[in-house]
Amino acid sequence: MKPRAALIAACTGLMVALPACTSSSGSVPSAAGLAGRDGAVITVGSFDFPESVVLAQIYGQALAAASFPVRILPDLGPRELVDPALMSGLVQLVPEYAGSALEFFSLGKLSATSDAGAANRALAGSVAGRGLVPASPAPAQDANAIVVTAATAARYGLRSIADLARLAPGLMFGGPPECPGRAYCLPGLKRVYGLRFKTFTPLDAGGPLTLQALEEGDVGVALLFTTDPDIPARHLVVLADDRGLQPAENITPVVRRDVITRYGPNLLAALNKVSALLDTGELRALDARVELAGQDPRLVAGRWLRAHGLIRPGGGLH
């Protein structure tokens, strides 16, 4: 968790970056009459990994189809950059992950359990004072996964994270650069499992660098995400979280309260209708289309919305 001063600096950095974002980054023009009014456009931001980009496109396109003025800004950065931008009003909506969001917004004072409903209630209480409101969580969730290759698992008889205890001092761990500061990454592995790895190698957020380093043996253990389609495709082994480190990570759109006040309950209703149809299997399939088949996240999101009857031929939301 970064200190408040660092969060302010990150937010300032995003303020500089936002004007450079144009329609090529995924803007969905809608309700032109409203879009010209100061603060009327709903900017939907995403984190810097493919699944988050797809989610921003799904929720953003659904709102645009319901005649809300929307701009989608993908790949803005990690949570330490994007969520402060949400709090300051530089973006108005972010599809979040409940447990990690709760940890971040509460400054580490609150941690989610595996109960999705409890996590959502705790998140709502934590962000209320920051001018934010979580919409209903989707059944879909995506948590951190501690992963090894099949060869490593077979060689050392690894089935659970606890099995790493005897090996960790000789292993290199790879994951997102922010992992050493994340409660459910290295600090959690040390606190809950007593793991102290030989070294940490900063890579990317479950992306090609992490996969390459793991498969080539540059790291022995890596952090990926449970919905990552590369895990089954490459026959990687997810070690069981037998001590319950990872919390409920249901997909939960977090929205600024002033946006809800401006547009009324129909805004949350549109978001909740999307979330109700998004389960973990569907999310994994969407990830596969983007990460394995190389399809455009914007098009993948649009096809999913149409397939579920959320966008009518005329563009409206059912």
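Searching the whole of this predicted model for paired aromatic rings turns up seven pairs. Some of these rings join up into a group: Phe47, Phe49, Tyr97 and Phe225 are linked by ring pairs into a cluster. In general, a pair like this is described by how far apart the ring centres lie and by the angle between the ring planes.

Right after Tyr97, one of the cluster members, comes helix 5, which covers residues 98-105. This helix is mostly covered, with eight of its eight residues buried. The buried set takes in Ala98, Gly99, Ser100 and Ala101, followed by Leu102, Glu103, Phe104 and Phe105. So what does the backbone do just after helix 5? There, leucine 107 takes a positive phi, with a value of about 55°.

Helix 5 also has a partner in helix 4, made of residues 79-88. Two packed helices are generally described by the angle between their axes together with the distance between those axes. For helix 4 and helix 5, the axes come within 11 Å and cross at roughly 70°. An angle from 65 to 115 degrees counts as roughly perpendicular, so that is how helix 4 sits relative to helix 5.

Which residues of helix 4 and helix 5 meet? On the helix 4 side they are Arg79, Glu80, Asp83, Pro84, Leu86 and Met87, and on the helix 5 side Ser100, Ala101, Phe104 and Phe105. Sorted by class, this contact has six nonpolar residues, one polar residue and three charged residues. The four residues that helix 5 brings to the contact, Ser100, Ala101, Phe104 and Phe105, are also on the list of buried residues in that helix. An α-helix has 3.6 residues a turn, so residues three or four places apart point the same way.

Further along the chain there is a covalent link to look at. The structure holds one disulfide, and it joins cysteine 179 to cysteine 185, with 1.7 Å from S to S. Is this pair of cysteines buried or exposed? Both cysteine 179 and cysteine 185 are buried. The torsion about their S-S bond is about -80°, so the disulfide is left-handed.

Zooming out to the whole chain, the secondary structure comes to 14 helices and 10 strands. Of the 318 residues in the chain, 53% are buried. As for contacts between residues at least 6 apart in sequence, 76% of them join residues that are at least 24 apart.

Note on methods. Residues are numbered from 1 along each chain as its sequence is written. This is a predicted model: local features need pLDDT of at least 70, side-chain atom pairs count only at pLDDT 80 or more; totals for chains, interfaces and linings use all residues. Side-chain values use heavy atoms; hydrogens and water are left out. Axes are lines fitted to C-alpha atoms, for helices over the stretch in contact, and angles run from 0 to 180 degrees between N-to-C directions. Helices (H or I, at least four residues) and strands (E, at least two) are DSSP runs, numbered from the N terminus. Angles under 35 degrees count as roughly parallel, over 145 as roughly antiparallel, 65 to 115 as roughly perpendicular and the rest as oblique. Contact means heavy atoms within 4.5 Å. Ala, Val, Leu, Ile, Met, Phe, Trp, Tyr, Cys and Pro count as nonpolar, Asp, Glu, Lys and Arg as charged, and the others, Gly among them, as polar. Rings of Phe, Tyr and Trp (its six-membered ring) pair if their centres lie within 6.5 Å; planes under 30 degrees apart count as stacked, over 60 as edge-to-face and the rest as tilted. A disulfide is a pair of cysteine sulfur atoms within 2.5 Å. Buried means under 20% relative accessible area, exposed over 50%, partly exposed in between (1.4 Å probe, protein chains only).
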